[in-house]
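Visitor: I would like to learn how to read this structure feature by feature. Where do we begin?

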Amino acid sequence: MKRIILLLLTVCFFSNNLMADSPLTSIEFWKVSEDLYVLKIGKEPGKKKLDNVRFKFLTDSNTTIFDKIALVNAMGWDSNSKFKNSEIFLNKLKKEHLNSIKKYRKQLLKAPPFSWDNLEFDDNGDILRNDKNDKHFIQGIFYESVDDFDKKYDAVESLWTPEDIIRSHSDYKGFGVEDNYTVYLYLLAMDNYWDASLVFDVLDNFIDDEGNVISVTYNNSDSKEAFDFIKMLVSTQSLFLTKEIDCEVWEEFNKIRGRDYYSCMSNLSIRKSLLKSYDYLKIYSDNCEEVMYDINTTYCFRNVIHATQNQQVTILHYPLFIYGELTIYDQNDSEVFKFIIDGGDSVGLDISNYPLGSYRIQMINTQTEPKTPYNLDLIIY
C-alpha cells in the first residue's frame, strides 16, 4: 500500500511540474518591461487577481501594449486558482461601458432643447460642436435627443459575447479594439493553460474557417507585433499540451515574424521577449531532424544556433544577399568550412563530424550591396 501511495504521489508531482513547465507559464517576459508597476507585480508570489488598479492599467490608452501583456504575464498562473482574470476583465469592461451609457444618457437629459437654429455646419454640411449644443455631443457624435441615443444602445444589456463586450467598450472609449482583444485572449489562455480544449478555443480566434492564420489589421506595428507574440505563446502551448516535448513546438516558435516576411520585429521589448522565449523553447528543437535559422527574421534578436551532432543545420539567407560566402571557424579560430553562395537561398551544414563545442560563423555578401557581415555562434552539444 505504501508503494502504491508513493507511486501516485510521484506521478502527481511530475504531472504538475510538467504542466507548470510550459511555454505560457515558464517564459517570464515581464522582466523585460521597464515599467516599475509591472516589475513590482512580477516580483510578488503567486497568481494575482485583476483588481481595479490593474484593470485601469490594462485599459489605459497611455499604457503601451507591451506593458499590458507584460502585466498579464507578471500576474502569473495557479492551477488551483479560484478566480479567472479573463472573466473579471470582461465583467469590468461591461460594467464600465454600462456606467458610461448611464452617465451620457443623463447628460442628454440635461441638454437644452434641440433647435436647428442653434447648430452650426461646416462646408461639408456636418454639424459643428459649439457651446449651445455641447451636451448633444457624446464621444464626438451628435445626438438630437435621448431617444436618438437609446436607439443605438438599447441592446447593450444583451452584450454577452466577449467580442461584443470588448468592441463596444473600445469603440465607446475611443480605444483600439485589437489591443483589448489581445489582452483578453492572453488572460483567457493564462486562466486555462492546462486545458487543451479551452486553449484551442483561444487559438481558433487566430484562424479562419480554411485553417489560415488571420492577419489582424492594426494601426501600428507595436500592436501587431504584440498580437503575433501572444499568438506564438498560445500556439506553442496548444502544441505542448498535445505533443509535449516535440519538434512541432519549436517549429511553431520559428514561424513568428515581423510585419512582413523581410523584416524583424521593430519593437525592442518584443525582441528581448523573443530571446527569453528562445532560451526556454530551444529544448524542443532537440527532436527536430533539421534546425532552421532564418537570417531575415531571427538575426535581429538572436545570433546563436544550438544543434546536436545528428541534426542538419540550415541557414536561410534570401533575400538579404544572394552572392557571398559562409565561413565556419573553430575555437582556435581556424577555418573548418567555407561555402560560396552563388544564387542559392540557403546553406545546409553537415555537423555530424564536428566535435562538441562552440564555433563562429561569418556570412557576408561579397557581390551585392550593402556588404554587411552576419556573425553567428554555432553551439554543438
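Guide: We begin with burial. Buried means under 20% relative accessible area, exposed means over 50%, and partly exposed lies in between. Keep in mind that this is a predicted model.

Visitor: How many residues of helix 5 are buried?
Guide: Helix 5 is mostly covered, with 11 of its 11 residues buried. Among them are Ile 65, Phe 66, Asp 67 and Lys 68. Asn 73, Ala 74 and Met 75 are buried in helix 5 too.

Visitor: What covers the buried residues of helix 5?
Guide: The cover includes helix 3, helix 4 (52-59) and helix 6 (85-109). It also includes helix 9 (177-191), helix 11 (221-243) and helix 13 (268-281).

Visitor: Which residue just after helix 5 takes a positive phi?
Guide: That is Gly 76, with a phi of about 75°.

Visitor: What is the wider setting of that helix?
Guide: The chain holds 14 helices and 12 strands. Of its 381 residues, 44% are buried. The accessible surface of the chain is about 20400 Å², and carbon and sulfur atoms account for 50% of that surface. Now take contacts between residues at least 6 apart in sequence: 66% of them join residues at least 24 apart.

Visitor: Next, aromatic rings. How many aromatic pairs are there?
Guide: Rings of Phe, Tyr and Trp pair if their centres lie within 6.5 Å. By this rule the count is 13 aromatic pairs.

Visitor: Why does the pair of Phe 29 and Phe 66 count as tilted?
Guide: Planes under 30 degrees apart count as stacked, over 60 as edge-to-face, and the rest as tilted. The ring planes of Phe 29 and Phe 66 stand at 50°, so the pair is tilted. Their centres are 6.0 Å apart.

Visitor: Where in the chain do these two residues sit?
Guide: Phe 29 is in the loop between helix 2 (23-26) and helix 3 (36-43), while Phe 66 is in helix 5 (residues 65-75). The two are 37 residues apart, and the pair links distant parts of the chain.

Visitor: Is Phe 29 buried or exposed?
Guide: Phe 29 is buried, because its relative accessible area is 0%. Phe 66 is buried as well, at 3%.

Visitor: Which residues form one aromatic cluster with Phe 29 and Phe 66?
Guide: Tyr 186 and Phe 229 complete that cluster.

Visitor: Let us try another pair. What are the values for Tyr 354 and Tyr 359?
Guide: Tyr 354 and Tyr 359 form a tilted pair, 5.4 Å centre to centre with 50° between the planes. Tyr 354 is buried at 12% relative accessible area. Tyr 359 is buried at 6%.

Visitor: Is Lys 272 buried or partly exposed?
Guide: Lys 272 has 40% relative accessibility, so it counts as partly exposed. Its place is in helix 13. The C-alpha atoms of Lys 272 and Arg 302 are separated by 9.2 Å, with the two positions 30 residues apart along the chain.

Visitor: Last topic: empty space. How many cavities of 30 Å³ or more are there?
Guide: Rolling a probe the size of a water molecule over the atoms shows where empty space is left. This structure holds 4 cavities of 30 Å³ or more. About 40 Å³ of space lies in the largest cavity.

Visitor: Which residues line the largest cavity?
Guide: The lining is Phe 253, Asn 254, Ile 256, Thr 297, Thr 298 and Phe 301. Helix 12 (247-254) and helix 14 (295-298) are the elements that give two or more residues to this lining. By type, the lining has 3 nonpolar residues, 3 polar and no charged.

Note on methods
Residues are numbered from 1 along each chain as its sequence is written. This is a predicted model: local features need pLDDT of at least 70, side-chain atom pairs count only at pLDDT 80 or more; totals for chains, interfaces and linings use all residues. Side-chain values use heavy atoms; hydrogens and water are left out. On a 1 Å grid over the protein atoms alone, a cavity is a set of points where a 1.4 Å probe fits but cannot get out, and a pocket is an open set with protein on both sides within 12 Å along at least five of seven lines; lining residues have an atom within 4 Å of a point. Grid points are joined across faces, edges and corners, and a volume is the space filled by probe spheres set on the points. Helices (H or I, at least four residues) and strands (E, at least two) are DSSP runs, numbered from the N terminus. Ala, Val, Leu, Ile, Met, Phe, Trp, Tyr, Cys and Pro count as nonpolar, Asp, Glu, Lys and Arg as charged, and the others, Gly among them, as polar. Buried means under 20% relative accessible area, exposed over 50%, partly exposed in between (1.4 Å probe, protein chains only). Contact means heavy atoms within 4.5 Å. Accessible areas come from the Shrake-Rupley method with a 1.4 Å probe; for residues, only the protein chains shown count as cover.
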